[in-house]
Amino acid sequence: MKIAVCGKGGSGKSTISGALARHLARQGHKVVALDCDPNPNLGISLGVPRESVESMSPILNALIDSGHTHKDPKIEAEVLLDRYGVDAPEGIRLVATGKIERPSNACLCCGSHNTTRQFFGELPADDRVVLADLEAGLNDLIWAKPGPDDVVLAVTEGSAKSVEIARRACRLAEELGVKRIIGISNRTVNDVDAKRIGEELGVEMFTVPEDRAVEDADHLGVAAMDADPTSPAMVAIGELAQQITR
């Protein structure tokens with residue numbers, strides 16, 4: 001199974017991606033987590049120590065540093081995952097595809113998006129879950145190019161701008177042929193908000209409640225799953241993991 005998580009910046013994509021990956025791993029799934037954001041935070045949400053996250057080698061820069069050019073044969077995603085990925089809790093393998101560290105004569109922007117597409121497109125997912133925490137907005141969803149057998153999670157909180165980005169993501173996923181699109185109403189305060197967001201998105205919906213424990217974990221720079229796995233949001237995301245794989 002492949003899961004692409006998208007939405008507006010600040011909607012809670014990384015928190016949901018990290019907790020979802022942890023729950024899926026606890027269910028017995030082998031999980032590969034792709035941090036596709038130029039400013040990667042998924043590692044923290046997974047519970048990877050900050051120093052390990054900071055030391056991760058972004059794929060594109062690592063290849064450039066090694067002397068690899070676009071004229072050289074493309075290295076398989078599985079090889080890159082083994083070479084540049086880091087271990088996260090629950091046996092999850094984490095890799096950064098979107099981070100850009102320094103200038104280059106190459107087109108780093110296209111290169112990072114291409115790396116995301118390569119990993120999301122090439123990594124076999126018959127016996128594991130490949131979960132991509134995409135860059136904020138819609139461009140990375142186009143680059144990742146999920147298909148009919150994949151799952152797209154459109155994450156939004158209650159603001160009109162966030163809901164509109166999620167609505168566009170749902171329509172784009174439909175155009176790409178994705179059959180399983182789930183809207184995530186995150187930081188939901190009441191049923192009225194959840195109903196309004198569901199009507200706007202027009203897809204299968206799931207609600208994650210407002211949870212102070214998640215905010216506290218963010219302030220401390222730790223994974224919400226490690227701070228309080230029994231908090232309302234973490235329990236809800238565990239139910240989301242079951243809903244996705246049911």
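What follows is a chat between a visitor and a guide about a predicted model.

Visitor: Before we start, what are the ground rules here?

Guide: It's a predicted model, so local features need pLDDT of at least 70 and side-chain atom pairs count only at pLDDT 80 or more, while totals for chains, interfaces and linings use all residues. Residues are numbered from 1 along each chain as its sequence is written, and side-chain values use heavy atoms, with hydrogens and water left out.

Visitor: Okay, N186 then. Why is N186 called buried?

Guide: Buried means under 20% relative accessible area, exposed means over 50%, and partly exposed is in between, with a 1.4 Å probe and protein chains only. N186 has a relative accessible area of 7%, so N186 counts as buried.

Visitor: Where does N186 sit, and what is it in contact with?

Guide: N186 is in strand 7, residues 180–188. Helices (H or I, at least four residues) and strands (E, at least two) are DSSP runs, numbered from the N terminus. Contact means heavy atoms within 4.5 Å, and N186 has that with S11, G12, I16, V155, T156, E157 and V208, leaving aside neighbours within four places in sequence.

Visitor: What makes R187 stand out?

Guide: R187 is also found in strand 7. Phi of R187 is near 55 degrees, a positive value in a residue other than glycine. With a relative accessible area of 35%, R187 falls between the two cut-offs, so it's partly exposed.

Visitor: And K145, buried or exposed?

Guide: At 54%, K145 is over the upper cut-off, so K145 counts as exposed. K145 is in the loop between helix 7 (139–144) and strand 6 (151–156), and its phi is positive too, near 55 degrees.

Visitor: How do you know that T115 is buried?

Guide: Its relative accessible area is 7%, which is under the lower cut-off, so buried is the word. T115 is in helix 6, residues 108–122, and T115 touches I59 and T97, not counting residues up to four places away in sequence.

Visitor: What makes a set of residues a nonpolar core?

Guide: A nonpolar core is a set of buried Ala, Val, Leu, Ile, Met, Phe, Trp, Tyr and Cys residues joined through side-chain atoms within 4.5 Å. The largest one has 41 residues, and those with the most contacts inside it are I3, L20, L46, L153 and I184. Its largest share, seven residues, comes from helix 12 (residues 232–245). Apart from that core lies another, of 36 residues, among them A62, V163, A173 and V178. As a general point, nonpolar side chains tend to be buried together in soluble globular proteins.

Visitor: What does I3 touch?

Guide: Not counting residues up to four places away in sequence, I3 touches L24, F120, V129, V130, L131, A132, V151, L153 and I244.

Visitor: Why is an empty spot called a cavity?

Guide: On a 1 Å grid over the protein atoms alone, a cavity is a set of points where a 1.4 Å probe fits but cannot get out, and lining residues have an atom within 4 Å of a point. Grid points are joined across faces, edges and corners, and a volume is the space filled by probe spheres set on the points. The structure holds two cavities of 30 Å³ or more.

Visitor: What lines the largest cavity?

Guide: About 60 Å³ of space lies in it. Ten residues line the largest cavity, and D35, P40, V53, M56 and A96 lie nearest its centre. Helix 2 (42–46) and strand 4 (93–96) are the elements that give two or more residues to this lining.

Visitor: And what lines the second largest cavity?

Guide: The second largest cavity has about 50 Å³ of space, and its lining is T15, A19, S45, A217, D218, V222, A223 and A224. Helix 1 (13–26) and helix 10 (212–220) each give two or more residues to that lining.

Visitor: Why is E210 called partly exposed?

Guide: E210 has a relative accessible area of 41%, between the cut-offs, so partly exposed fits. E210 lies in the loop between strand 8 (204–209) and helix 10, in contact with R187 and T188, leaving aside neighbours within four places in sequence. E210 and P232 are 22 residues apart in sequence and 8.0 Å apart in space, C-alpha to C-alpha.

Conventions:
1 Å grid on protein atoms, 1.4 Å probe; cavity = no way out; pocket = protein on both sides within 12 Å on 5 of 7 lines; lining within 4 Å.
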